[in-house]
Amino acid sequence: MLRRAAIIAIFALALAASAGAEQKLQVAPLPRDGHVLVSFKLGEVFTEELQAAVHSGLTVSFVYKVDLMRGSAVWFDRTIASAVVTATVRFDNLTRRYHVTRTLDGRIERAETSEREDVVREWLTADFDRLPLFPNVKLETNGEYYVRVRAHTTPRDATFLWPWNGHDVMTLAKFTFIQ
């Protein structure tokens, strides 16, 4: 009985920890005209260590892996399409300017320079609105799908060696495709 209570307590703590992590990342899929547009936003993640890394001139990247998936009752969920969005910042100490770049699957989509840190934070974590990440995917009418977004920063802190990425933040949002 005590063992069962301990297992339930561990499960409840793990569930609470994952719920807290999901609140940091928000995702909203928008099915339109046979395509899925994806919006997402990462909560306040700028720690003092991250700010210090940026201001040291180190290139810091926020990597978002976005998967369009379809659930399965019998087997594992099926990944229909994936995309990787990377937002990178490098601070130039001589000019006191931030150089920011956004790539989609390795292709540069946008690049800008700014002197304002709040603009850079928005660029790295919140300026992802209605991205057409899956343009060539055909969806079934009345099909149940979901979009999963996983985010992490690079360089990563390698203090612990775990069999999974403990620094990733993940969330998902379900939708029904109606045409």
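**Entry 1: the Arg116 pair**

I began with Arg116, which counts as partly exposed at 48% relative accessibility. The model I am reading is a predicted one. I then looked up the partner of Arg116: its side chain meets that of Asp118 in a salt bridge, with 2.6 Å from N to O. Asp118 is likewise noted as partly exposed, at 44% relative accessibility.

**Entry 2: a network of salt bridges**

I next followed salt bridges with shared partners and found that Lys65, Asp67, Arg148 and Arg150 are joined by them into one network. For the structure I recorded nine salt bridges.

Within this network I examined Arg148 and Asp67, whose closest N and O atoms are 2.8 Å apart in a salt bridge. Arg148 belongs to strand E8 (residues 143–154) and Asp67 to strand E3 (residues 60–70), so this pair ties together parts that lie 81 residues apart in sequence. I checked whether the two are buried or exposed. Arg148 and Asp67 are both buried.

**Entry 3: Glu115 and Arg97**

I turned to Glu115, which forms a salt bridge with Arg97; the closest N and O atoms are 3.2 Å apart. Glu115 sits in the loop between strand E6 (107–114) and helix H3 (117–125), and Arg97 in strand E5 (residues 97–104), so the pair ties together parts 18 residues apart in sequence. I noted Glu115 as exposed because its relative accessibility is 55%, and the cut-off for exposed is over 50%. Arg97 is partly exposed, with a relative accessible area of 34%.

**Entry 4: the largest cavity**

I searched the whole structure for cavities of 30 Å³ or more, and there are two. The largest has a volume of about 40 Å³. Which residues line the largest cavity? I listed Phe46, Gln51, Val54, His55, Val89, Tyr98, Glu117, Val120, Arg121 and Leu124. Helix H2 (48–55) and H3 are the elements that give two or more residues to this lining. H3 supplies the largest share, four residues. Sorted by class, the lining of the largest cavity has six nonpolar, two polar and two charged residues.

**Entry 5: the second largest cavity**

I recorded a volume of about 30 Å³ for the second largest cavity. Its lining consists of Val100, Glu112, Thr113, Ser114, Val119, Val120 and Trp123. E6 and H3 each supply at least two residues of that lining. By class I noted four nonpolar, two polar and one charged residues around the second largest cavity. Val120 appears in the lining of the largest cavity and in that of the second largest.

Definitions and conventions:
Residues are numbered from 1 along each chain as its sequence is written. This is a predicted model: local features need pLDDT of at least 70, side-chain atom pairs count only at pLDDT 80 or more; totals for chains, interfaces and linings use all residues. Side-chain values use heavy atoms; hydrogens and water are left out. A salt bridge is a side-chain nitrogen of Lys or Arg within 4 Å of a carboxyl oxygen of Asp or Glu. Buried means under 20% relative accessible area, exposed over 50%, partly exposed in between (1.4 Å probe, protein chains only). On a 1 Å grid over the protein atoms alone, a cavity is a set of points where a 1.4 Å probe fits but cannot get out, and a pocket is an open set with protein on both sides within 12 Å along at least five of seven lines; lining residues have an atom within 4 Å of a point. Grid points are joined across faces, edges and corners, and a volume is the space filled by probe spheres set on the points. Ala, Val, Leu, Ile, Met, Phe, Trp, Tyr, Cys and Pro count as nonpolar, Asp, Glu, Lys and Arg as charged, and the others, Gly among them, as polar.
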